[in-house]
Amino acid sequence: MPSRSDTNRTPPSTTPKITLKGVTKHFGPKKVLNGIDLQVGTGESLVVIGGSGTGKSVMLKCILGLLHPDSGSIRVDDAETTKLNPRDREKLQHKFGMLFQGAALFDSLPVWENVAFGLIQGEHMPRAQAKEIAIAKLGAVGLTPDVAELSPSELSGGMQKRVGLARAIADEPEIIFFDEPTTGLDPIMADVINELIVECVKDLGATAVTITHDMASARKIADRVAMIHQGRIIWTGHAKDIDQSGNPYVDQFVNGRADGPIKMQIRAL
Amino acid sequence: MIRHRDSLNHDFHDNDTGRLMGFLAATGRAFLVFLEATGRLAMFTGTALSHCVRPPFYPRQILRQMIDIGFYSLPVVGLTALFTGMVLALQSYSGFSRFQAEGAIATVVALSITRELGPVLGGLMVAGRIGAAMAAEIGTMRVTEQIDALSTLSTNPFKYLIAPRLMAGLAMLPLLVLVADIIGIFGGFLVGVYRLDFNASSYISRTWEFLEPLDVISGLVKAAVFGFLISLMGCYHGYHSKGGAQGVGAATTNAVVSASIMILISNYLITGLFFSTK
Ligand SMILES: Nc1ncnc2c1ncn2[C@@H]1O[C@H](COP(=O)(O)OP(=O)(O)O)[C@@H](O)[C@H]1O
Ligand SMILES: [Mg+2]
């Protein structure tokens with residue numbers, strides 16, 4: 001298991017875990033992805049930044065097979081995934097964990113069953129054993145066992161994100177996606193979540209892709225950063241180079257300026 | 001912009017031809033939309049059915065749905081049946097006494113309840129209760145990405161969410177309607193004996209005298225079909241809902257309306273299958 005320390009990350013491995021080539025996706029007349037080219041190395045933590053509505057979530061959903069790209073290739077562990085039949089796709093899902101933008105907890109189930117869901121349903125583990133693991137995973141994200149019996153609707157936003165994180169890592173996936181893990185949280189809770197993400201990814205030795213537009217979060221989590229704009233990856237580089245990218249788009253985004261090459265679309269397309 | 005187009009049209013076409021073309025185009029578009037919707041529903045039904053018969057199954061989910069549909073619908077379906085049976089007895093008494101046929105009341109109540117009113121009114125009540133709840137629950141799961149989350153946890157949403165509901169609907173509606181038949185006939189009995197002064201034992205023997213197994217069975221077959229349609233519409237509209245709370249609201253309405261219409265149409269078709277004399 002490759003271990004990574006917070007401050008001095010080992011350079012990402014060169015074998016690609018996920019490779020996207022020319023991925024396009026449109027909804028009706030609206031082109032959301034315009035040919036995404038992106039590579040994520042094994043054990044690497046990649047952060048994708050970009051404005052709202054630029055297709056970040058759609059890109060993740062294409063990799064997860066929740067949406068089908070119109071064209072292009074998505075390879076995971078060097079195997080093409082866009083043309084998988086449902087059964088093979090289901091098998092492939094064991095490699096993935098995902099923390100959704102809105103946590104997406106099952107509100108009909110108590111917290112522990114949310115966390116244990118992949119173990120019980122996906123891996124057919126006995127419920128008692130799965131519950132023990134779930135409570136341990138809840139502990140790993142800083143939640144006490146008494147939270148386990150609550151319903152997700154009784155939790156605050158930050159706690160829901162933590163439960164979502166525990167659920168994403170419960171069956172120890174090889175690849176974890178985090179979709180805006182800190183959006184809508186106060187800065188302190190955001191930092192707690194960032195720490196948890198770094199820790200969890202490190203413990204699992206997993207490959208991680210995090211979507212965010214929170215630069216503090218990006219700096220904390222990323223080995224490498226990619227910027228998406230108008231459905232294309234317009235810049236990738238090491239996290240430490242983000243302030244000297246030499247790319248006016250990245251500069252504008254990192255510094256959060258209204259004037260620059262990125263023009264906000266005030267009107268929907 | 002639009003006005004400009006119109007005046008252009010005016011120059012090139014005879015006004016009536018333009019209107020006819022517009023009408024034809026609109027009809028064609030509506031027809032295409034209809035075909036697409038039908039195809040989508042057929043695909044959805046096929047996928048859902050194929051997941052009903054292939055493991056893994058989710059017994060907990062099936063049980064939960066069976067209790068939701070079967071047990072918790074009992075009060076509303078029972079109440080509907082009770083008052084329907086009662087009003088049937090009253091109505092047929094006032095009608096049949098015009099040609100001295102009051103004796104047929106027990107038979108009329110039994111036949112109407114078992115063949116038609118039990119399944120149809122029960123089905124419509126359950127459509128309102130269960131179809132709406134299913135569409136709202138699955139719709140909310142869709143717009144809050146819970147359905148996507150299911151997939152990422154290696155669980156097929158069709159197997160986990162939809163198949164259990166279809167099976168429970170198919171299994172529980174006949175049971176509900178059987179109970180409704182009994183309660184409805186009992187309602188007729190109450191009015192017949194306590195309000196219209198029939199002799200209790202002769203009312204009961206009159207009920208049995210002309211009631212044939214096929215009357216009850218046809219009603220239960222209808223109920224199974226209605227149960228399937230209610231669950232199917234609830235799941236279909238919920239599964240395809242989009243756009244937040246408003247979308248879920250629309251899905252709920254569509255589920256109830258389409259299930260009700262399908263119940264009424266299929267009721268006619270099934271009746272034709274069972275009882276057409278020609
Ligand atoms: N299922 C869908 N149907 C139609 N449009 C969609 C769908 N999913 C996303 N979109 C559109 O795609 C664009 C990108 O969405 P998204 O990837 O969620 O943005 P973000 O980068 O903020 O995560 C948005 O304009 C959104 O409206
Ligand atoms: Mg998003």
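## A tour from ligand 1 to the sheets of chain A

Begin at ligand 1 and select G55(A): a backbone N or O atom of this residue lies 3.1 Å from an oxygen atom of the ligand, a polar contact in the sense of a pair of N or O atoms within 3.5 Å (within protein, one must be able to donate a hydrogen and the other to accept it, and residues adjacent in sequence count only if both atoms are side-chain atoms). What is on screen is a predicted model, in which local features need pLDDT of at least 70 and side-chain atom pairs count only at pLDDT 80 or more, while totals for chains, interfaces and linings use all residues. Residues are numbered from 1 along each chain as its sequence is written, chains are lettered from A and ligands numbered from 1 in the order in which they are written, and side-chain values use heavy atoms, with hydrogens and water left out.

Staying with the ligand, add T54(A), which has a polar backbone atom 3.3 Å from an oxygen atom of ligand 1, and then V58(A), where the corresponding distance from a polar backbone atom to a ligand oxygen is 2.9 Å. Taken alone, ligand 1 exposes 560 Å², and the protein buries 63% of that (accessible areas come from the Shrake-Rupley method with a 1.4 Å probe; for residues, only the protein chains shown count as cover).

Next, widen the selection to the shell, whose residues include F27(A), K30(A), V32(A), S52(A) and K56(A); a residue is counted if one of its heavy atoms lies within 4 Å of the molecule. By class the shell has three nonpolar, six polar and two charged residues, where Ala, Val, Leu, Ile, Met, Phe, Trp, Tyr, Cys and Pro count as nonpolar, Asp, Glu, Lys and Arg as charged, and the others, Gly among them, as polar. Helix 1 of chain A gives the most, with three residues, and strand 2 (30-41) also supplies at least two; helices (H or I, at least four residues) and strands (E, at least two) are DSSP runs numbered from the N terminus.

Now follow strand 2 of chain A back to strand 1 (residues 16-27), with which it pairs in the antiparallel sense over nine bridges; two strands pair if DSSP finds at least two bridges between them. The two form a hairpin with two residues between them, and G28(A) in the turn has a positive phi of about 60°. P16(A) has G41(A) of strand 2 as its bridge partner. Strand 1 also runs antiparallel to strand 4 (residues 71-76), joined by five bridges, and there K21(A) is partnered by S73(A).

Select helix 1 (residues 56-64) of chain A again and look at what it lies across: strands 3, 6, 7, 8 and 9, with an angle of about 155° to strand 7. Contact here means heavy atoms within 4.5 Å, and axes are lines fitted to C-alpha atoms, for helices over the stretch in contact, with angles from 0 to 180 degrees between N-to-C directions.

These strands belong to an open, mixed sheet of six in chain A, ordered 6-7-8-3-9-10. Strand 6 (96-99) and strand 10 (232-238) stand at the edges with a single partner strand each, so one side of each is left without a neighbour in the sheet. Strand 6 pairs in the parallel sense with strand 7 over four bridges, M98(A) being matched with F177(A).

As a last stop, go to chain B, where a cis peptide bond joins P55(B) and P56(B), with omega about 0°.
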